[in-house]
Amino acid sequence: MARDTTDQTPLSSVSDMTAYLAAGSKPNEQFRIGTEHEKFVFFRADNRPVPYFGDASISALLKGLQEKSHWEPIMDGDNIIGLGEPTGMGAISIEPGGQFELSGAPLETIHQTCKESNQHLATLREIAEPMGIRFLGIGGSPKWTLAETPRMPKSRYDIMSRYMPKVGTKGLDMMYRTCTIQVNLDFSSEDDMRRKMRVSMKLQSLATALFASSPFTEGKPNGLSSWRGDIWRDTDNRRSGLLDFTFRDDFGFEDYVKWALDVPMYFVVRDGRYHDCTHVTFRQFMNGALKGEIAAWEPTMGDWTNHLSTLFPDVRLKRFLEMRGADGGPWRRICALPAFWVGLLYDDAALAAADELTKDWTFDEVNALRDIVPVQGLKADIKGHKLLDVAREVVGISRDGLKNRARVNGDGQDESVFLAPLDEVLAKKGTLADDLLMLYHGRWNGSVEPVFEEYQY
């Protein structure tokens, strides 16, 4: 999230919070595609991470982009921490370890998504090149220790960094040493949200397997296909992972609200200052737990929307749905990830087919899959079927959905071409993580250094 909101609208009831989510419903013709991608920032000369301060730095990149684009700077105290497009159509932010993120505008087609990411990367290279800076597109930091990884001067990250070791063993790795590609998609009603969330929650581990690209840690193979996927198994399980109630046929917006109410908060913002609230849940906050601790202690809509942004289930519900399972990856995968999910969720026949395929998958079975995919990738099993075979079927459903979109839209723009990276994975029965390991044990002669050259943007 690029900017924490300060909306002061009073918040008094579960119905207010439920209505906020329900207000995201929109007609199908207004559905859009919002794609986010993160990348590691490094110095070309020696593959060191780029710090926040200095002439060649994260802050210098942000300031250079601001001058070139005229986007509005987002500040945390005296520090620039992001950029916002003036009309709210897109943002640039920095993750805790300096990972550089584009949160794309809500667009109509994957073709537009590809153009957007390509333009962003081209502009970024213009600014970065004189500084000797480049960008790496994979899912996990392949070389740097936590101690070597810089920390961005962002108030919410300070609070998270103190809190993470209290609730899991891998939260700091998640914050500082992972990158992802995500897509945000719309729903038309509570029933539509329900079906899309149920299907995508069940299939998120399949996306983790297909996009796995994090087999290295601190310069060596880590025994995993998706280190990032494994990290999410023990980051903060009260606010992440699978949500069992989404497997029910009758869940709705209020169920998500009730779950979110009992997740500990990170912060509230008052007069530009972040107050650590990790000792209370949002429900306790609603019941007056911060009275006497902070001025203006009454909950606001801004507090609620900020809280929603600090929840990390595999599929996150806001006024849209966020697909959160995939590792970061090379440029073609920035297009492939939204194509995969748009094909499945934005065509009625494809959504029905995906729902039918996964209808008998229980919470326990999907959770078990989520546990083994980081190690086994597409070699994992679900209900006696190899995940590779399931992947072939699901990618086929997605392709049909994308072709149907082209027919319905009548614009001749077949978005199924963007599934090509996944077709390659299925054809060779191996992921990008497998490719990276093959290179490490072969041409790279047991070194991860070449990854910075060969997989940079």
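Is C335 buried or exposed? Let's start there, with the reminder that what we have on screen is a predicted model. C335 is buried, because its relative accessible area is 1%, and buried means under 20%.

So who does this cysteine pair with? C335 forms a disulfide with C114, and the two sulfur atoms sit 1.9 Å apart. For anyone new to this, a disulfide is a covalent bond between the sulfur atoms of two cysteines. The structure holds 1 disulfide, so if you've found this pair, you've found what there is. Now look at where the partners come from. C114 belongs to helix α3, residues 110–128, while C335 belongs to helix α11, residues 331–345. That's 221 residues apart, so the pair links distant parts of the chain. C114 is buried too, with a relative accessible area of 6%.

What about other cysteines? C179 is in no disulfide. The nearest cysteine sulfur to C179 is that of C335, and it is 17 Å away. C179 still counts as buried, at 0% relative accessibility. And C277 is buried as well, with 1% relative accessible area.

Okay, on to helix packing. Two packed helices are described by the angle between their axes and the distance between the axes.

Take helix α1, residues 14–22, and helix α10, residues 301–308. Their axes are 11 Å apart and the packing angle is about 60 degrees. α1 and α10 are therefore oblique to each other. The crossing of these two helices is right-handed. If you want to find the contact yourselves, look on α1 for D16, M17, Y20 and L21, and on α10 for M301, W304, T305 and L308. Sorted by class, this contact of α1 with α10 has 6 nonpolar residues, 1 polar and 1 charged.

Let me stay with L308 for a moment, since it lies in α10. L308 counts as buried, at 0% relative accessibility. Which residues does L308 touch, not counting those up to four places away in sequence? The list is Y20, L21, Y256, R316, L317 and K318. To give you a sense of distance across the model, the C-alpha atoms of L308 and S447 are separated by 40 Å, and these two are 139 residues apart along the chain.

The second helix pair is α14, residues 387–409, with α15, residues 420–428. Here the axes come within 10 Å and cross at roughly 155 degrees. That makes α14 roughly antiparallel to α15. α14 passes α15 in a left-handed crossing. On the α14 side, the residues involved are L388, A391, R392, V395 and R399, and they meet L422, D423 and L426 of α15. Among the residues of this contact we have 5 nonpolar, no polar and 3 charged.

One last stop: S161. You'll find S161 in helix α4, residues 155–167. Its relative accessible area is 11%, so S161 is buried. What is S161 in contact with, leaving aside its neighbours within four places in sequence? The answer is R151, L172, M175 and Y176. For M175 we also have a distance: S161 and M175 are 14 residues apart in sequence, and 8.1 Å apart in space, C-alpha to C-alpha.

That's the tour. If you take one thing back to your desk, make it the C114 and C335 disulfide, which links distant parts of the chain. Thanks, everyone.

Technical notes
Residues numbered from 1 in each chain as written. Predicted model: local features only at pLDDT ≥ 70, side-chain atom pairs only at ≥ 80, totals over all residues. Heavy atoms only, no water. Axes fitted to C-alpha atoms, helices over the stretch in contact; angles between N-to-C directions. Helix = DSSP H or I, 4+ residues; strand = E, 2+ residues; numbered from the N terminus. Parallel < 35°, antiparallel > 145°, perpendicular 65-115°, else oblique. Left-handed = near helix turned anticlockwise from the far one by under 90°. Contact = heavy atoms within 4.5 Å. Nonpolar A, V, L, I, M, F, W, Y, C, P; charged D, E, K, R; others polar. Disulfide = S-S within 2.5 Å. Buried < 20%, exposed > 50% of the residue type's maximum accessible area, 1.4 Å probe, protein only.
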